[in-house]
Each structure stands twice: as structure tokens, then as C-alpha cells.
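Morning, everyone. Please have a look at the sequence and the model on the screen, and then I'll walk you through it.

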Amino acid sequence: MSTDVAQERSRYRARVRARVRSAAPPRPGIRSIAVATATSVVALVALAGLTMVTAEPFLIPPLAASMALVAGAPTLPLSQPRNVIGGQFLSALVGVAVGFALGNALWAAALAGGLALGVMLTTRTAHSPAAATAVIGTTGTAVAGWQFILLVTASALVLVLVGVVGHRLNRTAYPAYIW
């Protein structure tokens, strides 16, 4: 085989490998994965326990997504305490207000999810899982009114506190900022 053909094949293989490689960040170390997973489990089990003891819905689905951000992506703005707690609180408030004003129809819940994003962006508390909290707050499937807002806010606070402990154990910097 000639040298030119071998070099061309080598360049071709390099181009193919470059296209196949992922641009995603590298996988965290096994210890980081284990601590993040354990932190998420502890936080969500704590909310489930509070739900069982009080018969109040401390654990709603958007909070699992919030915990995934806190434990798995601690440097993102969406994961910071201001965003987790503030975004959840404001979205619950928007959801309850829309539900009170327009009823618990699905179109009203959709409106609340969109409005929650606008409120979070305006207040610099963007937290994507919280838009789903607004939908739940509107439909009133959990609990209604101020009780829902307080439960969501308390739950978000639990997630952040457990996240802080988990990141201390993992020797990672969290939070990057509080307010």
C-alpha cells in the first residue's frame, strides 16, 4: 500500500472518529455519582416521610426534578438556592392565583406554567421544574391555596439543605451563591 493511500485512510478515520465523539462533558467519578445519588434519595425520602407523617403532599413530582439539578448539576444557576426556593415559591403562588382567578381547567394550568416562567425570569429565579409546580397549583390536585405554597416552599428548602450537606460530603462547592 502506498504511503499516500495510508495517510488518506488515516485522515478519513480521524474525521469519522471526530464526528462520532460526544461533545458532552465527561462522566463524573464514581464517588461523585454515588454521593449525588444518595443525596437525592435522602432528600426525596425525607419529603416522602414528611408526607406520610403529616398527610400533606410535601413530595410532588417537580421536586424530584429540582433535586436532580441540586445534586447533579450544582454549578448551574437553575440549581442555586435562590432559584430552587424562589422559583418554586413564586411558581406555586402563580399557580394558586391563576387557579383562584380562572378555575382549575387545563387551559388555566397551561397559562400558569407559562406565566410562572415569566415571573421567574423577571425575578431572576429561573428554575425549570417550578413551571410544573404552577400547573399543579392551578389544578388543585394536591392541596389548595396558601397551604400548597407553604408546602412547596418548605419542600424546596429541605432539598437545598440536604443538597448542601451532600455536597459537603462530596467536597463540591454548593451553593455557588445563595441570593
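Let me start at one end: where is the place of proline 175? Proline 175 sits in the segment after α7. The peptide bond that leads into proline 175 from tyrosine 174 is cis, with omega near 0°.

Before going on, some ground rules. This is a predicted model, where local features need pLDDT of at least 70, side-chain atom pairs count only at pLDDT 80 or more, and totals for chains, interfaces and linings use all residues. Residues are numbered from 1 along each chain as its sequence is written, and side-chain values use heavy atoms, with hydrogens and water left out.

Now the overall fold. The protein has seven helices and zero strands. Helices here are DSSP runs of H or I, at least four residues; strands are runs of E, at least two; both are numbered from the N terminus. Read from the N terminus, the order is α-α-α-α-α-α-α. The radius of gyration is 22 Å, well over the 16 Å that the globule rule gives for 179 residues, so the protein is more spread out than a compact globule. That radius is taken over C-alpha atoms, and the rule is 2.2 Å times the number of residues to the power 0.38. Along the principal axes, the C-alpha trace spans about 80 × 40 × 30 Å.

Next, surface and contacts. The protein exposes about 10100 Å², and carbon and sulfur atoms supply 71% of that. Those areas come from the Shrake-Rupley method with a 1.4 Å probe; for residues, only the protein chains shown count as cover. Buried residues make up 36% of the 179. Buried means under 20% relative accessible area, exposed means over 50%, and partly exposed is in between (1.4 Å probe, protein chains only). Take contacts between residues at least 6 apart in sequence: 71% of them join residues at least 24 apart. A contact means heavy atoms within 4.5 Å.

Which helix is mostly covered? That is α6, residues 129-139, with eight of its eleven residues buried. Among the buried ones are Pro129, Ala130, Ile136 and Thr139. What covers them includes α3, α4 (81-102), α5 (106-122) and α7. Right after α6 comes glycine 140, with a positive phi near 65°.

Just ahead of that helix, look at alanine 126. Alanine 126 is in the loop between α5 and α6. Leaving out residues up to four places away in sequence, alanine 126 touches Leu78, Asn83, Met120 and Leu121. Glycine 86 is 40 residues from alanine 126 in sequence, yet the two are 8.4 Å apart in space, C-alpha to C-alpha.

On to the largest pocket. It holds about 270 Å³ of space. Of the 15 residues that line this pocket, the closest to its centre are Pro28, Ala36, Ala71, Gly72 and Pro74. A pocket is found on a 1 Å grid over the protein atoms alone: an open set of points where a 1.4 Å probe fits, with protein on both sides within 12 Å along at least five of seven lines; lining residues have an atom within 4 Å of a point. Grid points are joined across faces, edges and corners, and the volume is the space filled by probe spheres set on the points.

Which helix gives the most to the lining? The answer is α2, with five residues. At least two residues each come from α2 (30-54), α3 (61-72) and α7 (145-170). By class, the lining has seven nonpolar, eight polar and no charged residues. Nonpolar covers Ala, Val, Leu, Ile, Met, Phe, Trp, Tyr, Cys and Pro; charged covers Asp, Glu, Lys and Arg; the others, Gly among them, are polar.

Last, three single residues. Alanine 55, in the loop between α2 and α3, has a positive phi near 65°. Alanine 55 is exposed, at 64% relative accessible area. Arginine 171, in the segment after α7, also has a positive phi, near 60°. Arginine 171 counts as exposed, at 67%. Alanine 154 is in helix α7 and is partly exposed, at 30%. The C-alpha atoms of alanine 154 and leucine 47 are separated by 9.6 Å, with their positions 107 residues apart along the chain.
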